Amino acid sequence: MGKRDNRVAYMNPIAMARSRGPVQSSGPTIQDYLNRPRPTWEEVKEQLEKKKKGSKALAEFEEKMNENWKKELEKHREKLLSGSESSSKKRQRKKKEKKKSGRYSSSSSSSDSSSSSSDSEDEDKKQGKRKKKKKNRSHKSSESSMSETESDSKDSLKKKKKSKDASEKEKDIKGLSKKRKMYPEEKPLSSESLSESDYTEEVRAKRKKSSEDREKTTEKTKKKKKHKKHSKKKKKKAASSNPDSP
């Protein structure tokens with residue numbers, strides 16, 4: 001049985017396209033786009049000038065709006081001017097009425113002025129006395145408040161000093177109690193009997209004693225270590241000499 005021949009003939013695509021002939025294009029070609037109708041430079045200039053000028057209808061609408069706005073402004077001004085004139089006229093009328101009423105009242109009060117002048121003088125004197133009393137009271141109250149503030153400040157300073165002294169005493173007592181715990185063999189000393197110089201001398205003496213005790217303990221430990229090393233060496237020598245003897 002032989003094998004089937006599955007070979008396929010090769011077809012050149014370029015040759016196939018040439019054999020088919022020119023393709024009919026459905027849309028416009030590049031040549032059509034390049035050959036399109038174009039406006040001249042003069043026509044372009046005319047279009048730009050028209051755009052700058054704008055439409056006639058818009059210009060007319062703007063003119064009408066400006067005219068209406070001007071009319072409204074004139075009306076508003078007339079109203080304001082009429083209102084200001086009316087207010088000024090009202091003020092003048094009020095002034096004239098006040099002057100007339102003042103003249104009538106002056107003629108009527110001239111008869112009563114002689115009787116009321118004495119009463120007014122008495123009232124003025126009474127008011128002056130009242131004002132003097134009020135001033136004296138205010139001055140006394142201010143002085144009393146100042147003295148109270150000064151006394152309060154002095155009391156606060158005294159309290160602060162007392163609190164500081166108490167805190168310092170407590171610190172000294174705490175320091176002495178700590179020292180007593182460190183050195184219980186020594187006798188306790190009262191903080192009141194000790195002065196500052198005695199206190200510093202005692203602290204220095206205690207520090208010296210503690211340093212001497214530490215040095216003694218370190219020397220003892222060193223001596224013990226040396227003694228142990230020497231005894232070990234002797235034992236090693238004795239052990240090495242024993243097997244050689246027989």
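This report walks through a predicted model, from its overall make-up down to a few local contacts.

## The chain as a whole

This one is helix-only as far as regular elements go: there are five helices and zero strands. Reading along the sequence gives the pattern α-α-α-α-α.

Burial is scarce. Just 2% of the 246 residues count as buried. The accessible surface adds up to about 25,500 Å², and carbon and sulfur atoms account for 53% of that area. Looking for aromatic pairs turns up zero.

## Helix 1 and its two ends

Helix 1 covers residues 13-20, and the number of buried residues among its eight is zero, so this helix lies largely in the open.

Both ends have something to look at. At the start of helix 1, Asn-12 points a side-chain oxygen towards the backbone nitrogen of Ile-14, reaching to within 3.4 Å. After the helix comes Gly-21, with a positive phi near 100 degrees.

## Around Tyr-33

Helix 2 takes in residues 30-34, and Tyr-33 is one of them. Is the Tyr-33 side of things buried or exposed? Tyr-33 is exposed, at a relative accessible area of 55%; the cut-off for that label is over 50%.

Tyr-33 has company of two kinds. Arg-36 sits over the face of its ring, 4.5 Å from the ring centre. Tyr-33 also joins Ile-30 and Leu-34 in a nonpolar surface patch, and together the three have about 380 Å² of accessible area. As background, an α-helix has 3.6 residues a turn, so residues three or four places apart point the same way.

## The salt bridge near the start of the numbering

How many salt bridges does the structure hold? The count is one. Asp-5 and Arg-7 form a salt bridge, with their closest N and O atoms 2.9 Å apart.

Both partners are out on the surface side of the cut-off. Asp-5 counts as exposed because its relative accessibility is 54%, where exposed means over 50%. Arg-7 is exposed too, with a relative accessible area of 71%.

Methods
Residues numbered from 1 in each chain as written. Predicted model: local features only at pLDDT ≥ 70, side-chain atom pairs only at ≥ 80, totals over all residues. Heavy atoms only, no water. Helix = DSSP H or I, 4+ residues; strand = E, 2+ residues; numbered from the N terminus. Buried < 20%, exposed > 50% of the residue type's maximum accessible area, 1.4 Å probe, protein only. Areas by Shrake-Rupley, 256 points an atom, 1.4 Å probe, with all protein chains shown as cover. Phe/Tyr/Trp six-rings, centres within 6.5 Å; stacked < 30°, edge-to-face > 60°. Lys NZ or Arg CZ within 6 Å of the ring centre and 35° of its normal. Patch = residues over 30% accessible without salt bridge, like charges linked within 9 Å, V, L, I, M, F, W, Y side chains within 5 Å. Salt bridge = Lys/Arg side-chain N within 4 Å of Asp/Glu carboxyl O. Polar contact = N/O pair within 3.5 Å; in protein donor to acceptor, adjacent residues only side chain to side chain.
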